[in-house]
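Here is a small set of exercises to work through at your own pace. Have the viewer open and try each task before reading its solution.

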Amino acid sequence: MKLNHLHMVNFRNYASASFSPGSDKNVIIGENGQGKTNLLEAISVVALGKSFKTHSLKEAIRFGQEASYLKADFFLKDYDHRMEIEFSETGRSYQRDQNPRKSLADYKRGFSMVVFQPEDLDMVRLSPGKRRAFLNDALSSVSFSYEENLKNYRHLVRQRNYALKNLRSDRQLIKIYNLQLAKIGSEILYERLKGIKKLASWAREEYQKISNGGEDLKVHYLSSLPFDQDFQVQSEIYLQKLEESYEKDLVQKRTSLGPHVDDLRFLLDGREAKAYGSQGQQRSIVLSLKLAEVRFIWERLGIRPLVILDDVFSELDQHRRKRLFKQIEGMQTFISLTEADYHLRDLLEEEDLSSFEIRGNQINHVS
């Protein structure tokens with residue numbers, strides 16, 4: 001998968017700007033606030049119809065404007081594709097290959113990318129939400145049905161929580177939500193357990209390479225529910241546990257079990273990495289997970305995803321940088337650097353390296 005050209009109109013700080021990256025490593029240089037991350041965000045929005053910075057695309061509309069428009073030319077599996085997305089306060093529209101697309105699934109079919117941001121580096125020690133987000137992003141990248149189930153599940157949890165807070169006497173409504181949650185939640189749990197098995201295996205391999213075989217990484221999925229191989233039995237268990245938790249949930253005014261509260265656990269040589277791992281070890285775990293995500297997408301979709309490294313390159317030492325670039329060789333990569341970190345460009349040691357400078361909301365090809 002390659003991005004050949006991008007044009008932005010009224011996106012974030014860009015009134016109108018174009019970008020034609022190289023086919024391999026692309027370094028985006030500029031001071032903070034110039035629009036490096038905004039450019040990378042635009043790539044994710046035009047390719048996937050969603051942002052890695054915000055849940056609401058309305059926030060990406062340039063201040064004072066009514067709508068944003070993005071157009072990009074991609075190369076995917078031997079074919080060129082023209083992708084266009086326009087969004088405003090009232091909605092959005094998609095065009096793929098100059099044909100309107102009614103659904104996001106149809107629009108982004110076959111497209112994928114892996115995004116690595118500074119906040120990802122603290123995934124091991126921060127809240128479970130960060131770790132769930134990693135797993136959700138990886139699975140959503142290869143399965144639109146998982147993404148749809150997750151969206152519907154979150155909506156149901158919000159509805160059930162609202163009922164627990166405001167409709168305390170309406171037990172029948174809670175029972176209806178329980179039935180729906182048991183089905184969709186079980187589907188999400190099955191997909192997660194199947195996906196984490198692959199991701200954990202590859203992350204273990206990557207970590208051994210990063211640590212030169214010095215330590216063994218194991219990744220476990222921590223479910224708030226008992227698990228059964230039979231889907232029907234699993235749904236019945238889920239429903240039973242929701243019924244049993246009703247009084248507790250009523251007091252707490254929230255749904256206390258399900259995929260939305262589950263977590264990932266990381267062990268290094270049997271010891272809890274969150275408690276005992278050094279900062280370097282924890283960052284190696286995150287890097288291993290991201291490299292596993294790349295392999296996961298490659299296996300499931302048969303494509304090399306785009307890779308975005310947003311202000312994270314300078315946070316990795318030379319050994320981890322080398323490991324990262326060895327594994328994403330042949331993938332189009334976008335790396336943002338501040339001018340203070342420009343010297344790190346020399347560490348890339350790539351012949352096919354393109355550099356761009358952002359100044360005054362203009363994107364200039366440097367070399």
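The exercises below deal with a sheet, two loop residues, one strand residue and some salt bridges, all in a predicted model.

**Exercise 1. Work out the order of the strands in the open sheet of three, and find which strands stand at the edges.**

Solution.
- Step 1: Reading across the sheet gives S9-S10-S11, and the pairing is antiparallel.
- Step 2: Strand S9 (217-222) and strand S11 (271-272) each have a single partner strand, so they stand at the edges with one side lacking a neighbour in the sheet.
- Step 3: Now look for what packs on the sheet. Helix H3 (residues 128-142) touches S9 and S10, and its direction makes about 95° with that of S10. Helix H9 (residues 279-301) also touches S9 and S10, at about 120° to the direction of S10.

**Exercise 2. Follow S10 into S11 and find the residue with a positive phi in the loop between them.**

Solution.
- Step 1: Two bridges join S10 (residues 263-268) to S11, and Leu 268 stands opposite Arg 271.
- Step 2: In the loop between S10 and S11 sits Asp 269. Its phi is positive, about 50°, although it is not a glycine.
- Step 3: For a second case, go to the loop between strand S4 (67-76) and strand S5 (79-88), where you will find Lys 77. This residue is not a glycine either, yet has a positive phi of about 50°.

**Exercise 3. Describe the surroundings of Gln 95: is it buried, partly exposed or exposed?**

Solution.
- Step 1: Place Gln 95 in strand S6 (residues 92-96).
- Step 2: Its relative accessible area is 28%, so Gln 95 counts as partly exposed.
- Step 3: Leaving out residues up to four places away in sequence, its contacts include Arg 82, Glu 84 and Tyr 107.

**Exercise 4. Which parts of the chain does the salt bridge between Lys 108 and Glu 147 tie together?**

Solution.
- Step 1: The two side chains meet at 2.7 Å, N to O.
- Step 2: Lys 108 belongs to helix H2 (residues 104-108) and Glu 147 to helix H4 (residues 144-166), so the pair ties together parts that are 39 residues apart in sequence.
- Step 3: Check the burial of each partner. Lys 108 is buried at 10% relative accessible area, and Glu 147 is buried at 14%.

**Exercise 5. Where do Arg 283 and Glu 315 lie?**

Solution.
- Step 1: Their closest N and O atoms are 3.4 Å apart, in a salt bridge.
- Step 2: Arg 283 lies in helix H9, and Glu 315 in the loop between strand S12 (306-310) and helix H10 (318-327).
- Step 3: Arg 283 is buried at 15% relative accessibility, whereas Glu 315 is partly exposed at 36%.

Technical notes. Residues numbered from 1 in each chain as written. Predicted model: local features only at pLDDT ≥ 70, side-chain atom pairs only at ≥ 80, totals over all residues. Heavy atoms only, no water. Pairing = 2+ DSSP bridges. Helix = DSSP H or I, 4+ residues; strand = E, 2+ residues; numbered from the N terminus. Contact = heavy atoms within 4.5 Å. Axes fitted to C-alpha atoms, helices over the stretch in contact; angles between N-to-C directions. Buried < 20%, exposed > 50% of the residue type's maximum accessible area, 1.4 Å probe, protein only. Salt bridge = Lys/Arg side-chain N within 4 Å of Asp/Glu carboxyl O.
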